[in-house]
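Student: Please take me through the charged side chains of this model, with a close look at how they pair. Which ones are buried and which are exposed?

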Amino acid sequence: YSPMRPMEYIRREVFGISQMAMAAIAKVNQATVSRWESGDSEPNRVEMGRIREKALENCLKWRDSWFFEAAE
């Protein structure tokens with residue numbers, strides 16, 4: 001078992017959406033979301049802001065720390 005990476009946690013557990021849907025929120029392509037989840041790259045501040053804003057808009061449980069370390 002390996003713990004989920006932060007962006008995979010945010011997409012699956014917080015939003016419960018596909019990589020394509022997450023890409024639309026962050027205004028990136030699906031391949032970029034895949035790279036975030038594999039640890040090959042990370043979202044920039046603007047992309048993180050879009051994701052955070054959407055979570056708060058949708059009244060989802062949210063912590064900024066999830067960008068850096070997945071919840072237990």
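Tutor: Start with Asp64. Its relative accessibility is 35%, so Asp64 counts as partly exposed. The cut-offs explain that label: buried means under 20% relative accessible area, exposed means over 50%, and partly exposed falls in between. Keep in mind that this is a predicted model.

Now the partner. Asp64 is in a salt bridge with Arg52, and the closest N and O atoms of the pair are 2.8 Å apart. Arg52 sits in helix 4 and Asp64 in the segment after helix 4, so this pair ties together parts that are twelve residues apart in sequence. Arg52 has a relative accessible area of 36%, so Arg52 is partly exposed. Asp64 carries that label too, at 35%.

Next, the setting. The protein has four helices and zero strands. Along the sequence the pattern reads α-α-α-α. For 72 residues, a compact globule would have a radius of gyration near 11 Å; the protein has 11 Å, which agrees. Along the principal axes, the C-alpha atoms fill a box of roughly 30 × 25 × 20 Å. Of the 72 residues, 35% count as buried. Among contacts with a separation of 6 or more, 49% come from residues 24 or more positions apart. The accessible surface is about 4800 Å², and carbon and sulfur atoms account for 46% of that area.

Then the charges as a set. There are 11 positive and 11 negative side chains. The centres of the two sets lie 4 Å apart. Side chains of opposite charge can pair when their charged atoms come close. In this structure there are four salt bridges. The pair of Arg52 and Asp64 is one of them.

Another lies within helix 4. Glu57 and Lys54 form a salt bridge, with the closest N and O atoms 3.6 Å apart. Both residues belong to helix 4, three residues apart, which is about one turn of the helix. What about their exposure? Glu57 is exposed, because its relative accessibility is 52%. Lys54 has 29%, so Lys54 counts as partly exposed.

Helix 1 holds a further pair. Arg12 bridges to Glu8, and the closest N and O atoms are 3.2 Å apart. Arg12 and Glu8 are four residues apart in helix 1, so about one helical turn separates them. Arg12 is partly exposed at 44% relative accessible area. Glu8 is a different case: with 16% relative accessibility, Glu8 counts as buried. Helix 1 spans residues 6-15. Leaving out residues up to four places away in sequence, Glu8 touches Glu13 and Glu37.

So which buried acid goes without a partner? Look at Glu47, which is buried yet has no salt bridge. Glu47 lies in helix 4, residues 45-57. The nearest side chain of opposite charge is Arg50, at 5.2 Å. A salt bridge needs a side-chain nitrogen within 4 Å of a carboxyl oxygen. What does Glu47 touch instead? Setting aside its neighbours within four places in sequence, Glu47 contacts Ala26, Val28, Trp36 and Glu42. Set Glu47 beside Glu8: Glu47 is buried without a salt bridge, whereas Glu8 has one with Arg12.

Stay in helix 4 for Glu53. Glu53 is exposed, because its relative accessibility is 52%. Its C-alpha atom lies 9.4 Å from that of Ile25, although the two residues are 28 apart along the chain.

Finish beyond helix 4. Asn58 lies in the segment after that helix. Its relative accessible area is 42%, so Asn58 is partly exposed. Asn58 and Phe15 are 43 residues apart in sequence, while their C-alpha atoms are 9.1 Å apart in space. Asp64 is in the segment after helix 4 as well, and its partner Arg52 lies in helix 4.

Definitions and conventions: Residues numbered from 1 in each chain as written. Predicted model: local features only at pLDDT ≥ 70, side-chain atom pairs only at ≥ 80, totals over all residues. Heavy atoms only, no water. Helix = DSSP H or I, 4+ residues; strand = E, 2+ residues; numbered from the N terminus. Rg over C-alpha atoms; globule rule 2.2 N^0.38 Å. Buried < 20%, exposed > 50% of the residue type's maximum accessible area, 1.4 Å probe, protein only. Contact = heavy atoms within 4.5 Å. Areas by Shrake-Rupley, 256 points an atom, 1.4 Å probe, with all protein chains shown as cover. Lys, Arg positive; Asp, Glu negative; His and termini not counted. Charge placed at Lys NZ, Arg CZ, Asp CG, Glu CD.
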